[in-house]
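Reader: Hello! I am new to reading protein models, and I would like to look at one together with you, step by step.
Author: Gladly, let us bring it up and begin.

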Amino acid sequence: MNIHAGNQETFKSNQFVHDFRQASPYIHHLNGKTLVLAISSHVLVSDKLAALAADILLLTSLGMRLVLIHGCSQYIQAIAGSDTAISIDENPVTDNAALELVKQASGIARFNLEAALSMIPTQVMDHSTPNLRIAAGNFLRAKPLGVINGTDMGYSGCVRKVDSAAIEERLAHNQLVLISPIGHSLSGQSYRLQVNEVAQAVAEAISAEKLIFLGTQQGLQDEQQQTISELNCVEIASLLAQNTGSRRQTELLQTAAHVLEHGVQRVHVLSGLQDGSLLQELFTREGSGTAMAKAPFMRIRPAANKDIGDILQLIAPLEAAGILLPRDSEYMENHIHEFSVLEQDCYVYGCVALHVYPEANAGELACLIVSPNARARGYGELLLTHVIKQAQQLQLKELFALSTHTGDWFVERGFISARLEQLPSERQQQYTNNKRQSKIFCRQL
């Protein structure tokens with residue numbers, strides 16, 4: 001018997017269960033949501049395209065509605081050579097020859113992406129499953145940039161209007177929408193558009209949940225060239241004010257700042273050259289690139305019935321250890337209005353309850369729990385501060401807490417030891433009945 005191999009299989013099984021459970025809140029949250037993916041042409045010409053396409057198909061099977069916007073600069077290079085490609089990329093003026101190259105390159109990029117998305121992954125057992133339906137068309141109305149500082153910009157244009165109704169119609173019929181960086185004017189003229197601008201305009205027009213940029217870098221970087229995992233709008237503004245990043249990073253920050261102020265919930269920047277980066281970014285707590293949001297990712301909010309399962313899961317180990325009294329689903333349903341949860345990007349990391357005793361003008365801080373996965377983040381302090389503010393808003397005079405194991409933690413935060421007779425009479429009776437002999441701590445508000 002190979003005991004080592006058996007241990008490995010057990011580890012892999014446990015790891016799978018752990019990972020799947022970790023992903024489930026994100027899968028549930030993103031079901032039915034619209035995601036806009038802006039894919040660099042560097043990714044499209046790489047050997048990672050097939051794996052990325054398989055991951056995109058997986059997202060659609062999980063109920064996500066996808067809009068894909070592709071670049072084409074690498075295809076221009078393949079058609080015309082590197083010097084011409086660099087010239088077109090860096091020159092804001094688009095003449096007729098450059099426009100024709102953009103059209104050719106966009107066509108190749110589009111059909112290569114369609115081909116990759118038409119493959120049936122080897123993991124799919126039923127090969128009679130119909131291909132994902134892809135919708136492409138004239139979703140963008142464009143207008144010329146015109147003359148800027150005395151220079152005619154030629155066929156360089158900007159987005160005039162996004163046909164959001166047409167996009168929504170395709171998404172409602174479970175189609176993936178594919179958009180090229182070319183738009184057409186009312187007179188029938190085509191104009192070259194910037195992928196960033198197209199992604200921004202489309203994400204805003206359809207109120208996308210997420211705008212995701214898949215490029216060559218793992219994410220945005222700080223001054224030490226380390227990947228920044230999370231940013232909110234205040235931090236984005238600070239980075240833009242410093243003006244120390246690359247031109248590409250500045251463009252991404254500007255785009256993120258704009259769309260986050262116009263209804264898009266998240267912007268992500270990650271590497272499309274890293275296998276599985278899209279899944280890791282969407283379905284794990286750690287992510288794989290940079291995630292940006294309007295407000296801080298962490299928030300404390302009133303608990304709702306949908307949080308009962310998460311709260312009971314936090315409580316269970318402490319109940320088993322005898323640190324907390326047992327609480328079942330019925331108890332939680334009757335008392336959920338007393339609870340608050342600390343949530344970070346769809347995942348509940350902590351909870352706390354405030355029980356109010358109006359006749360004594362006092363409150364009890366109870367069930368303060370932080371997940372073992374987040375113990376070093378200061379979340380316990382944040383939950384304590386939250387309850388203190390709640391109690392002050394209710395104009396309570398004192399806050400007390402009962403504990404069998406964490407008394408020092410409360411003392412270090414301004415609580416002092418108290419006697420049983422200092423508790424509200426109702427709570428004294430409960431204390432006597434449960435026979436836990438918890439230590440009592442009190443803090444004046």
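**Pockets, cavities and helix pairs**

Reader: How do the residues that line the second largest cavity divide by class?
Author: This is a predicted model, and we can start with one of its enclosed spaces. The lining of the second largest cavity consists of E398, F400, A418, R419, Q422, L423, I440, F441 and C442. Sorted by class, these lining residues are six nonpolar, one polar and two charged.

Reader: Which element gives the most residues to the lining of the second largest cavity?
Author: Two strands are worth checking here, since β19 and β21 (439-444) each supply at least two residues of the lining. With three residues, the element that gives the most is β21.

Reader: How much space lies in the second largest cavity, and how much in the largest?
Author: The count comes to two cavities of 30 Å³ or more. The second largest cavity holds about 40 Å³ of space. For the largest cavity, the value is about 50 Å³.

Reader: Which helix gives the most to the lining of the largest cavity?
Author: The residues around the largest cavity are K48, A51, L52, D55, L214, S271, G272, Q274, D275, G276, S277 and L278. The elements that give two or more of them are α3 and α11 (277-283). By class, the lining has four nonpolar, five polar and three charged residues. The most, three residues, come from α3.

Reader: At what angle does α3 pack against α6?
Author: Two packed helices are described by the angle between their axes and the distance between the axes. Helix α3 covers residues 49-61 and helix α6 covers residues 96-118, and their axes are 8 Å apart. In passing α6, α3 makes a right-handed crossing. The packing angle is about 60°.

Reader: How many charged residues are in the contact of α3 with α6?
Author: On the α3 side, the contact has L49, A53, I56 and L57, and they meet N112, L113, A116 and L117 in α6. By class, seven residues of this contact are nonpolar and one is polar, and the number of charged residues is no more than what is left: no charged residues.

Reader: Is the crossing of α9 and α10 left-handed or right-handed?
Author: Helix α9 (residues 233-242) packs with α10 at an angle of about 145°, and their axes are 10 Å apart. The crossing of this pair is left-handed.

Reader: Which residues of α10 make the contact with α9?
Author: From α9, the contact uses C233, I236, L239 and L240. By class, the contact of α9 with α10 has eight nonpolar, two polar and no charged residues. The α10 residues are T250, L253, Q254, A256, A257 and L260.

Reader: Which element supplies the largest share of the lining of the largest pocket?
Author: The largest pocket has a volume of about 1,500 Å³. Of the 48 residues that line it, Q194, N196, R247, R248 and E251 lie nearest its centre. Elements that give two or more residues to this lining include β1 (34-39), α8 (195-205) and α10 (247-260). The largest share, seven residues, comes from α10.

Reader: How many charged residues are in the lining of the largest pocket?
Author: By class, this lining has 20 nonpolar and 21 polar residues. The charged residues in the lining of the largest pocket number seven.

Reader: Which element gives the most to the lining of the second largest pocket?
Author: The second largest pocket has a volume of about 1,000 Å³. It is lined by 39 residues, and the closest to its centre are L324, A366, C367, L368 and L402. Among the elements that give two or more residues to the lining are β17 (347-357), β18 (362-370) and α14 (379-393). With seven residues, the element that gives the most is β18.

Reader: What feature does UniProt place at residues 298-438?
Author: Over residues 298-438 the chain is 35% helix and 28% strand. The end C-alpha atoms of this stretch are 32 Å apart. The UniProt record, an unreviewed entry, gives this stretch the feature "domain: N-acetyltransferase".

Terms used
Residues are numbered from 1 along each chain as its sequence is written. This is a predicted model: local features need pLDDT of at least 70, side-chain atom pairs count only at pLDDT 80 or more; totals for chains, interfaces and linings use all residues. Side-chain values use heavy atoms; hydrogens and water are left out. Axes are lines fitted to C-alpha atoms, for helices over the stretch in contact, and angles run from 0 to 180 degrees between N-to-C directions. Helices (H or I, at least four residues) and strands (E, at least two) are DSSP runs, numbered from the N terminus. A crossing is left-handed if the near helix is turned anticlockwise from the far one by less than a right angle, and right-handed if clockwise. Contact means heavy atoms within 4.5 Å. Ala, Val, Leu, Ile, Met, Phe, Trp, Tyr, Cys and Pro count as nonpolar, Asp, Glu, Lys and Arg as charged, and the others, Gly among them, as polar. On a 1 Å grid over the protein atoms alone, a cavity is a set of points where a 1.4 Å probe fits but cannot get out, and a pocket is an open set with protein on both sides within 12 Å along at least five of seven lines; lining residues have an atom within 4 Å of a point. Grid points are joined across faces, edges and corners, and a volume is the space filled by probe spheres set on the points. UniProt positions are given in the numbering used here, feature names are shortened, and annotations may be inferred rather than shown by experiment.
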